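Q: I'd love a close look at one helix pair in this model. Could you walk me through how the two helices pack?

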Amino acid sequence: MIVVKNLEKHYKIAKRDPGLRGAIKSLFHRKFETKKAVKKINMHINAGEMVGYIGANGAGKSTTIKMLTGILTPTSGEVKVNGIIPYENRQQNASHIGAVFGQRTQLFWDIPVRESYELLKHIYEIPQAQYEETLKEFVDVLHLEPLLGIPVRQLSLGQKMRCELAAAFLHRPKVVYLDEPTIGLDVAVKVRIRAFIKQMNARYGTTVLLTTHDMQDIEEICQRIIIIDDGSVIYDGSIQDIKSQFGDKRVIHFELEDAADSFVLPEEIRALTEVLPTSDEDPHLVSLSFSNKHISGAEVIHTMMNHYSVADLTIADAKIETIVEEIYGRGMKKEVQHEEIR
Amino acid sequence: MRKYVEFARVQMQVHAAYSAWFWANTFSILLRMLVIYFFWKAVYSSRTEIEGLPFEGMITYIIIAMFLQMFVSGVGQELAHTIKDGNVAIELMRPYNLITRLVAMDLGDKVIHFVRGALPLSILAFIFMDITLPTSWQSGLLFFISAFMGIWIGTFFDLLIAILAFWTINLWGLQVMKEAVISFFSGALVPLILFPEWFQTISLFLPFQAMVYVPVAIYTGILSGTEAWLALGSQVFWAVSLFVLLRVLWSIAIKKVTIFGG
């Protein structure tokens with residue numbers, strides 16, 4: 001369904017002098033610097049797959065999605081979506097895809113939701129019978145009935161997102177790109193949206209590419225994740241794999257009563273644990289990383305308590321969230337940060 | 001095609017929903033008409049004609065020009081917005097041509113504007129303000145064709161300016177300037193024949209007089225016979241060249257977006 005080979009995108013960023021003079025000058029003569037947003041990405045997504053596409057801000061997710069939708073032309077490499085090269089046949093590609101961008105609305109601002117859908121029916125040339133059937137289904141699943149008569153600009157964020165989602169799936173697209181569809185929503189709405197996405201996939205075999213920072217979305221919806229960092233794919237595989245590969249990792253943060261400068265890893269656990277670099281903000285903080293196959297958390301805590309006076313401690317969980325962040329961290333070769341549960 | 005018709009229809013509906021705006025607008029037009037009427041009445045109190053135009057001819061020109069000017073701008077504002085806030089990217093992944101869509105919406109806007117605003121107000125003006133009918137039915141017909149062309153030219157020009165939003169940081173200044181230039185050079189304020197000879201020569205080579213002056217001059221008989229047909233020809237020229245220019249500039253802009261990322 002989606003085939004991407006050696007895809008690259010370089011941006012030329014124009015450096016422009018300020019003011020009107022600069023603007024006029026830049027019409028004739030510009031200085032550029034090149035930024036490589038996406039570097040030799042490969043991926044192959046089959047029809048009906050639901051893939052989580054994740055990465056830190058600025059990693060190149062949006063750029064990739066823009067190339068898949070045809071909004072951006074790649075610098076080099078190959079993209080094919082459903083057999084179509086998106087940037088060459090933008091409008092043809094457009095009728096087979098759907099998209100939700102959490103930050104932008106695609107509905108028509110001034111008219112009621114129902115009218116928006118009517119308009120979409122014409123835009124995507126959906127047959128009347130199919131339109132009615134699909135809309136009825138969506139109204140049931142997403143509870144849209146009370147919203148249909150309200151102009152889009154009067155909807156709350158959660159209501160709007162439900163409507164957006166229905167709009168993206170209305171023409172039964174083969175591929176749907178969801179860019180942070182649950183951003184800023186409460187748990188109840190998130191649950192409903194996830195259920196809807198899964199149902200669409202099951203019923204119509206819609207291929208879904210989901211980018212999100214909410215790992216719960218990924219865990220519930222996707223079978224596979226692709227992690228991108230600094231423009232390159234650093235992981236592509238199933239969630240199970242990544243869990244078994246990294247799932248035994250545990251991290252415990254200790255808040256010591258003395259400053260951590262003088263901290264030395266106690267001898268008993270030196271071979272099995274590792275001190276993670278921590279931020280400078282808290283001079284009392286020490287973070288230890290270990291595999292629970294080799295040493296138990298209790299043992300680490302016990303040993304630490306024996307050697308130092310510990311004011312507080314937190315244990316980072318082994319959920320996909322932690323793992324992904326660890327992978328990001330390694331990709332960026334910066335300190336690893338962990339989501340914590342107390 | 002159907003989708004563009006739907007866009008026009010929806011736009012009419014949206015417009016019909018803003019009734020407070022509609023009444024405010026109607027009121028301000030009425031006020032303007034009154035000011036214009038009494039101003040020119042005063043000007044003509046000591047003379048019978050200016051540059052060969054009697055009072056009736058002048059007030060007819062000014063009022064018709066005022067109405068026509070309302071139609072010569074377009075949805076440029078909307079396009080510029082879409083470009084500025086980056087939503088143009090979303091528009092690009094829709095199965096339609098954005099420019100065609102905007103023109104369709106604009107058309108819907110103008111139809112409702114005409115039916116609800118310009119038509120009843122101009123009937124009022126006819127009854128109360130000494131507005132005359134066209135000199136002959138031929139010039140009446142020619143006026144309609146010419147006004148239609150003038151509106152197209154205005155619409156295309158408006159979109160053309162808006163596309164510049166891809167390159168400039170602030171379009172607002174440019175749009176204000178555009179409005180001023182149009183009011184002046186299009187003959188929307190006063191007939192161009194009141195201006196000095198050299199000014200008339202310059203405007204002859206600009207697209208602006210084709211927006212308002214030409215149709216209204218045909219209506220009032222300032223332009224007639226061969227002159228009227230020549231002026232109509234120049235309108236066709238401007239409409240076609242602006243349309244081509246618009247498409248070319250648009251495709252350059254799209255390339256810029258899709259290759260450079262905005």
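Is the crossing of α1(B) and α6(B) left-handed or right-handed?

A: Happy to take you through this pair. Please keep in mind that the model is predicted. The crossing of α1(B) and α6(B) is right-handed.

Now for the geometry behind that answer. Two packed helices are described by the angle between their axes and by the distance between those axes. Here, helix α1 of chain B covers residues 2-17, and helix α6 of chain B covers residues 98-128. Their axes come within 7 Å and cross at roughly 45°. Because angles from 35 to 65 degrees fall between roughly parallel and roughly perpendicular, α1(B) counts as oblique to α6(B).

Which residues make the contact? From α1(B) come Tyr4(B), Phe7(B), Ala8(B), Arg9(B), Gln11(B), Met12(B), His15(B) and Ala16(B). Facing them from α6(B) are Thr100(B), Arg101(B), Ala104(B), Met105(B), Leu107(B), Gly108(B), Asp109(B), Val111(B) and Ile112(B). By character, the contact residues divide into 10 nonpolar, 4 polar and 3 charged.

A little context on chain B may help. In an unreviewed entry, UniProt lists several stretches of chain B under "transmembrane region", among them residues 111-129, 175-195 and 228-250. The span 228-250 of chain B is 100% helix, and its end C-alpha atoms lie 33 Å apart. For residues 175-195 of chain B, the helix share is 52%, with 24 Å between the end C-alpha atoms. Neither is strand in any part: the value is 0% for residues 175-195 and 0% for residues 228-250.

As for confidence, chain B has a mean pLDDT of 87, with 98% of its residues at 70 or more. The model scores ipTM 0.79 and pTM 0.78.

Definitions and conventions. Residues are numbered from 1 along each chain as its sequence is written. Chains are lettered from A and ligands numbered from 1 in the order in which they are written. This is a predicted model: local features need pLDDT of at least 70, side-chain atom pairs count only at pLDDT 80 or more; totals for chains, interfaces and linings use all residues. UniProt positions are given in the numbering used here, feature names are shortened, and annotations may be inferred rather than shown by experiment. Helices (H or I, at least four residues) and strands (E, at least two) are DSSP runs, numbered from the N terminus. pLDDT is the predictor's confidence in each residue, from 0 to 100. Axes are lines fitted to C-alpha atoms, for helices over the stretch in contact, and angles run from 0 to 180 degrees between N-to-C directions. Angles under 35 degrees count as roughly parallel, over 145 as roughly antiparallel, 65 to 115 as roughly perpendicular and the rest as oblique. A crossing is left-handed if the near helix is turned anticlockwise from the far one by less than a right angle, and right-handed if clockwise. Two residues are in contact if their C-beta atoms, placed from the backbone, lie within 7 Å. Ala, Val, Leu, Ile, Met, Phe, Trp, Tyr, Cys and Pro count as nonpolar, Asp, Glu, Lys and Arg as charged, and the others, Gly among them, as polar.
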